[in-house]
Amino acid sequence: MPMNEAIRDILKGHARLRADASSIAEDTDLYKAGMTSHASVNVMLALESRFDVEFPDRMLSREVFGTVAGIRAAIEELTAGR
Amino acid sequence: MDNEYSPQKLYDDLVAHRLIIPVGVPGIFGRGAVFEEVLRRFDSFLSRVAEKDGAEVMLFPPTLDRRVLEKSEYLDSFPNLAGAVFSFMGNERDLAGLSEAIHAGGSWEAWQKMTDVVLSPAACYPVYPSFTGTIPDHGYLVDMQNWVFRHEPSPEPTRMQAFRVREFVRVGTPEVVIDWRNMWLQRGVDLLRSLGLPATSSVASDPFFGRGGRMLAANQLRQNLKFEVQIPVISKSDPTAVYSFNYHQDHFGRIFAIRTPAGEIAHTACLGFGLERCAMALFRTHGMVPADWPNAVREKLWT
């Protein structure tokens, strides 16, 4: 599954968004769209499991997890060179 | 005045002056008469500071509806701190098994079942369900005090498993709650300093459990949702938080269906003074014998 689709798949399963995770814009604020802090933790853990990465503390932020674009950039950085 | 700060020194001094009474289990020592007098006078001092705020006083027992704890999501954040209450619900035949297990010195957990109550992990939890519905125009302001339980056995006298908190809870629109918070940010520091305590404040985060917890803590810090006021009690370089202010945004409003007159989810915040820690800060700063404290401090507490 391509990265974008996988990310949206995880958001669908864990973020508890009011909107449809497959069609929201890349820069839509996920927190404003309904994702609570606790849901964002579940998203984080699911992303780590799916992509076999571990987010360093500096990435455990609203900047990274607040948008699809932020999540993708973080995962691309962590999986670069694989 | 001895300026050495360490957990052991404070513990030894408190015990030597019979201010605390060890019981053999960490974090649940007794409090002596003089300690209690100081604690109660500090609590009364807080009442005087806040007396014109128009708060409604409510007193709950140190127990909470288990379903409220479950709904609150406390167990997602601090599963390691909560204390539940179990009891024997068997009959006479079961009693034989329970007694045998106890007298054999083994585990008797299997003979108990979870009850409908848990110990309160924070003084404010019992009041949130009573806010369900539409709040009045001015919101709610509640004044509470209670014992709270946190499973954190520690030899540090400032880290107790059972301790009292004087708590204020505000419910309202975000603007109202943020204004209230800004007022208390200064007031908390000022009132402690007026007692000669070297109080400082800083943004803080809760000890959320686990890796996910680090993300919650980073979130909380970044949004300035929690601040603490600290005083050196067992360490100069690592002062002890004696007062914390917690802005919950819409967390409890959402869970307990609390709405503003305009129909929005209400915001809440709570603040708590750790009464034992404040008393210990007074003893550590001014000495173990209140009769020897500076007049300026005594006048505020013994009015």
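Helices (H or I, at least four residues) and strands (E, at least two) are DSSP runs, numbered from the N terminus. The model is predicted: local features need pLDDT of at least 70, side-chain atom pairs count only at pLDDT 80 or more, and totals for chains, interfaces and linings use all residues. Residues are numbered from 1 along each chain as its sequence is written, while chains are lettered from A and ligands numbered from 1 in the order in which they are written.

**Exercise 1. Place B:Thr115 and classify its exposure.**

Step 1. B:Thr115 sits in strand β6 (residues 113-119) of chain B.

Step 2. Recall the classes: a residue is buried if 20 or more other C-beta atoms lie within 10 Å of its own, exposed if 12 or fewer, and partly exposed in between, with C-beta atoms placed from the backbone.

Step 3. B:Thr115 has 13 C-beta neighbours inside 10 Å, so it counts as partly exposed.

Step 4. Now list its contacts (C-beta atoms, placed from the backbone, within 7 Å). Leaving out residues up to four places away in sequence, B:Thr115 touches B:Val85, B:Phe86 and B:Ser87.

**Exercise 2. Check the span of helix α2 (residues 33-50) of chain B, then find its buried side.**

Step 1. The expected span is 1.5 Å times one less than the number of residues. For the 18 residues of α2(B) that gives 26 Å, and the end C-alpha atoms are 26 Å apart, so the two agree.

Step 2. B:Phe35, B:Val38, B:Phe42 and B:Leu46 are buried in α2(B). They cover an arc of only 85° around the axis, so they lie on the same side of α2(B). The arc is that of the directions from the helix axis to the C-beta atoms.

Step 3. Turn to the other side of α2(B): B:Ala33, B:Ser44 and B:Arg48 are exposed there.

Step 4. The packing partners of the buried residues include β9 (162-172), β14 (267-274) and α9 of chain B.

**Exercise 3. Describe the largest nonpolar core.**

Step 1. A nonpolar core is a set of buried Ala, Val, Leu, Ile, Met, Phe, Trp, Tyr and Cys residues joined through C-beta atoms within 7 Å.

Step 2. The largest one has 61 residues; B:Cys124, B:Cys278, B:Ala279, B:Ala281 and B:Leu282 touch the most other members.

Step 3. Helix α9 (residues 275-286) of chain B gives the largest share of this core, 7 residues.

Step 4. Another core, of 23 residues, lies apart from it; A:Ile10 and A:Met44 are among its members.

Technical notes:
Contact = placed C-beta atoms within 7 Å.
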